[in-house]
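Trainee: Could you take me through the aromatic ring pairs of this protein in close detail?

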Amino acid sequence: NRIRKRELVVMPTLPITISQSPIIVAFQGEPGAYSEQAAIEFFGKGISTLPCTTFEDIFAGIAENRATYGMLPIENSLTGSIHQNYDLLLKHQLHIIGEYHLRVSHCLLALPGVKLEEIRRVYSHPQALAQCEANLNRLGLEKIIDVDTAGSARLIRDNQDRQAAALASAHASEVYGLEILVREMEDNLANFTRFLVLSQRNDVAFQPEEQKYKTTIVFSVPNVPGSLFKALSVFALRDIDLTKIESRPISGKPWEYLFYIDFIGHVENKNCARALEHLGEIAEFMRVLGSYPCQKQE
């Protein structure tokens, strides 16, 4: 990507349109994937979903008006950031309009009527198998890698193998007509994936009296001593809470980096607006990817 100097993109907010119908949400994976579950929990059961083969396809689906919104995983509490998706946020001109923290709970799924003692092997994505390793070893099950969690559930249904199970979501059991033998198979229950909700339009209304907001930006600074310190100080001087910072290499510029930052606040908040104006004086490039409601804590 060509990084244009002194670019500042802050789109005006529009009335919220999530209530519009029909709502089609693009996600990566097969029906029954955790990303589809996140979309349903965020928007409600009345939506339609668009399965996509790759993360890039999510962006294409929205840009081509085949989907209203996209559900993009950006980080996991156990395995960290999904770097590819940070790069895609910069490559495309979509807006972040929301976030959702999905509790990832792996279930052991089998054909209807099958008992746990009949199971000899389990299929799933390698990350899911790794997250459940201790419990799978305790059960003495052979671990077999599959492309994804939902795909492993579909495989069990299609093959009608009564000695095989899948590690997937409870949602996948409903999609593929499987039974849950064991819930919460994961070794660490503090397993969450943070999703970003993407849209062509920046259609989140600013309601500071009712809602706490988060803003995501990306910027670069000159490769000179103290430049990153000066950039971050614009937030510290105004007591703005930084909740996430991620660096990504700039294509074609070895050892130079873009910095992605999440902070608490909205671009229309005066304190945040002044901070971004100040940062714009320091940064070579800056772009606001979205100001959106924070995930509500239960």
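Mentor: Tyr100 is a suitable place to begin: with a relative accessible area of 15%, this residue is buried (under 20%; exposed means over 50% and partly exposed in between, with a 1.4 Å probe and protein chains only). The model is a predicted one, in which local features need pLDDT of at least 70 and side-chain atom pairs count only at pLDDT 80 or more, while totals for chains, interfaces and linings use all residues. Residues are numbered from 1 along each chain as its sequence is written, and side-chain values use heavy atoms, leaving out hydrogens and water.

Tyr100 belongs to a cluster that ring pairs form with Phe42, Phe43 and Tyr69. Across the whole structure, a search finds seven aromatic pairs (rings of Phe, Tyr and Trp, the last by its six-membered ring, with centres within 6.5 Å; planes under 30 degrees apart are stacked, over 60 edge-to-face, the rest tilted). One of them joins Phe42 and Tyr100: the ring centres are 6.2 Å apart and the planes meet at 75°, so this pair is edge-to-face. It links distant parts of the chain, 58 residues apart, as Phe42 is in helix α1 (residues 34-43) and Tyr100 in strand β5 (residues 95-103). Helices (H or I, at least four residues) and strands (E, at least two) are DSSP runs, numbered from the N terminus. Phe42 is partly exposed, at 27% relative accessibility.

A further pair is tilted, because the rings of Phe235 and Phe263 have centres 5.2 Å apart and planes at 40°. Phe235 lies in helix α8 (residues 227-236) and Phe263 in strand β14 (residues 257-264), so their contact ties together parts 28 residues apart in sequence. Phe235 is buried, its relative accessible area being 1%, and Phe263 is buried at 0%.
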